[in-house]
Amino acid sequence: MIYNTTHNNKEAKAQFNDLLGKPYSFLKAIKMGGIGSKRMIIEQVSSSFQKYMNTVSDINYGNIEIREKGIIVHITKGLQNFSWAIPTYQLHVYKTNGFSIHAQGNFVRFKRNKLLKENKKFLDKLIDLKIENDKQYEFY
């Protein structure tokens, strides 16, 4: 689910808290070494997300926020902000010629450049959290 979060959106906040858990406290976020990525350039999105991208040749930026039970991908379109909630069990991460996040039949691919390299530590943390979550559901 994706919401317009440019202004305070109580419905989106309630849905995010219900689906992904409440945001980490300030002290917990510091202990974890940060819960948000720096901004990254969005290279490509799935066809259903095209309406959230700039239509002119502006650069599209996005960043990622970690929650207890998932992540929120924030997409910036001009002066508007859109947030995509992804529970951890639906999250799939691929590192190809960039870094892409897939869930719910959609994806966001971030461009491989200096900004992505600056987020390497954060992305490694994200992958580790995904692995820890998957261990809860092993069958053997």
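**View 1. Strands β1 and β5 run side by side in this predicted model.** Three bridges join β1 to β5, and the two strands run antiparallel. To find one of the pairs, look for Y3, whose bridge partner in β5 is S83. While you are here, notice how well β5 is covered: of its eight residues, six are buried.

**View 2. β4 meets β5 in an antiparallel hairpin.** Eight bridges hold these strands in register on paper, joining β4 to β5. G70 is a handy landmark, standing opposite P87 in β5. Follow the chain to the turn, where two residues lie between the strands. In this hairpin G78 takes a positive phi near 60°.

**View 3. β3 pairs with β4.** Strand β3 covers residues 61-67 and strand β4 covers residues 70-77. They pair in the antiparallel sense, over seven bridges. Which residue of β4 is the bridge partner of I64? That partner is V73.

**View 4. Here is the whole open sheet, with its eight strands.** Reading across, the order is β1-β5-β4-β3-β2-β8-β7-β6, and the pairing is antiparallel. The edges belong to β1 (2-4) and β6 (92-94). Each of these two has a single partner strand, so one side of each is left without a neighbour in the sheet. From one strand to the next, the twist averages 30°.

**View 5. Two helices, α1 and α4, meet the sheet.** Helix α1, made of residues 10-20, lies across β1, β3, β4 and β5 (80-87). Its direction runs at about 20° to β5. Helix α4, residues 120-135, packs on the sheet too and touches β3, β4, β6 and β7 (98-103). Between the directions of α4 and β3 the angle is about 45°.

**View 6. This is the largest pocket, with about 300 Å³ of space.** Its lining counts 19 residues, and the closest to the pocket centre are E68, K69, G70, T88 and N133. The elements that give two or more residues to this lining are β3, β4 and α4. Which element gives the most to the lining? It is α4, with five residues. Sorted by class, the lining of the largest pocket holds ten nonpolar, four polar and five charged residues.

**View 7. The second largest pocket offers about 230 Å³ of space.** Walk around its lining and you will meet K95, T96, G98, F99, R112, L116, K117, K120, L123, D124 and I127. Two or more of the lining residues come from each of β7, α3 (114-118) and α4. The largest share, four residues, comes from α4. By class, this lining has four nonpolar, two polar and five charged residues.

**View 8. A close look at H102, a residue of strand β7.** How does H102 count, with its relative accessibility of 23%? H102 counts as partly exposed, because 23% falls between the 20% limit for buried and the 50% limit for exposed. Leaving aside residues up to four places away in sequence, H102 touches Q90, L91, H92, Y94 and F107. Take L91 from that group: L91 and H102 are eleven residues apart in sequence, and their C-alpha atoms are 6.2 Å apart in space.

Key:
Residues numbered from 1 in each chain as written. Predicted model: local features only at pLDDT ≥ 70, side-chain atom pairs only at ≥ 80, totals over all residues. Heavy atoms only, no water. Pairing = 2+ DSSP bridges. Axes fitted to C-alpha atoms, helices over the stretch in contact; angles between N-to-C directions. Contact = heavy atoms within 4.5 Å. 1 Å grid on protein atoms, 1.4 Å probe; cavity = no way out; pocket = protein on both sides within 12 Å on 5 of 7 lines; lining within 4 Å. Points joined across faces, edges and corners; volume = space filled by probe spheres on them. Nonpolar A, V, L, I, M, F, W, Y, C, P; charged D, E, K, R; others polar. Buried < 20%, exposed > 50% of the residue type's maximum accessible area, 1.4 Å probe, protein only.
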